[in-house]
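Please open the model in a viewer and keep the sequence panel visible. The tour below proceeds by selection, beginning at the surface.

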Amino acid sequence: MAGLEMNDWKKIGLGLTGFGVFFSFLGIVLFFDKGLLAIGNILFISGVIITIGIKSSLQFFMKRSNLKGTISFGVGFFFVIIGWPVIGMALETYGFIILFSGFWPTLAVFVQKIPVIGWVFQQPFIRSFLDRYRGKRVPV
């Protein structure tokens, strides 16, 4: 269980990631404000790197199966920085889905165990949809 311990660096990384998601959400709500989206992207990426470490981050983002998502996310980040936030966020969303698609089954199991929200995800139609991907869980 040594990987699950919460040291100060992981707390800082999770905080930065949370602020990154918050600023990105705020940038989208305020009609794709490029400044808020850029700050959100920088905080999100730095938070992920601090949380899991530089070496693990490089291994994850440069893995051959994740290269398409990394390139899409990077190009989207570039478009946000140069002032085309709608195209940039569309590319970033696509890259995010490709990069973290291996974690969706694990997230589905986690969401089903949440008290109020889990009830919705345990309904037969949604559960049958989620059960298709349950066998494809990846070790985290």
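Begin by selecting Ile 49, Ile 54, Leu 58, Met 62, Leu 67, Ile 71 and Val 75, which together make up a nonpolar patch on the surface of this predicted model. The accessible area of these residues, taken together, is about 630 Å².

Next, colour helix H3 (54-61) and helix H4 (67-82), each of which supplies at least two residues of the nonpolar patch. Which helix gives the largest share of the patch? That helix is H4, with 3 residues. Leu 58, another residue of the patch, lies in helix H3.

Now widen the view to the whole protein chain. Its secondary structure amounts to 8 helices and 0 strands, and the order along the sequence reads α-α-α-α-α-α-α-α. The C-alpha trace spans about 45 × 35 × 30 Å along its principal axes.

With the chain in view, select residues 12-32, 38-58, 70-87 and 93-111, which the unreviewed UniProt entry annotates as "transmembrane region". Two of these spans may be inspected in turn. Residues 12-32 are 86% helix and 0% strand, and the C-alpha atoms at the two ends lie 27 Å apart. For residues 93-111, the corresponding end-to-end separation is 21 Å, with 79% helix and 0% strand.

Turn finally to the second largest pocket, whose volume is about 300 Å³. Helix H1 (8-29), helix H2 (34-52) and helix H5 (85-99) are the elements that give two or more residues to the lining of this pocket. Which residues should be selected to find its centre? Of the 14 lining residues, Ser 24, Met 89, Glu 92, Thr 93 and Phe 96 lie nearest the centre.

How does the lining divide by residue character, and how many residues are charged? The lining comprises 8 nonpolar residues, 5 polar residues and 1 charged residue.

Terms used. Residues numbered from 1 in each chain as written. Predicted model: local features only at pLDDT ≥ 70, side-chain atom pairs only at ≥ 80, totals over all residues. Heavy atoms only, no water. UniProt positions renumbered as here; feature names shortened; annotations may be inferred. Helix = DSSP H or I, 4+ residues; strand = E, 2+ residues; numbered from the N terminus. Patch = residues over 30% accessible without salt bridge, like charges linked within 9 Å, V, L, I, M, F, W, Y side chains within 5 Å. Areas by Shrake-Rupley, 256 points an atom, 1.4 Å probe, with all protein chains shown as cover. Salt bridge = Lys/Arg side-chain N within 4 Å of Asp/Glu carboxyl O. 1 Å grid on protein atoms, 1.4 Å probe; cavity = no way out; pocket = protein on both sides within 12 Å on 5 of 7 lines; lining within 4 Å. Points joined across faces, edges and corners; volume = space filled by probe spheres on them. Nonpolar A, V, L, I, M, F, W, Y, C, P; charged D, E, K, R; others polar.
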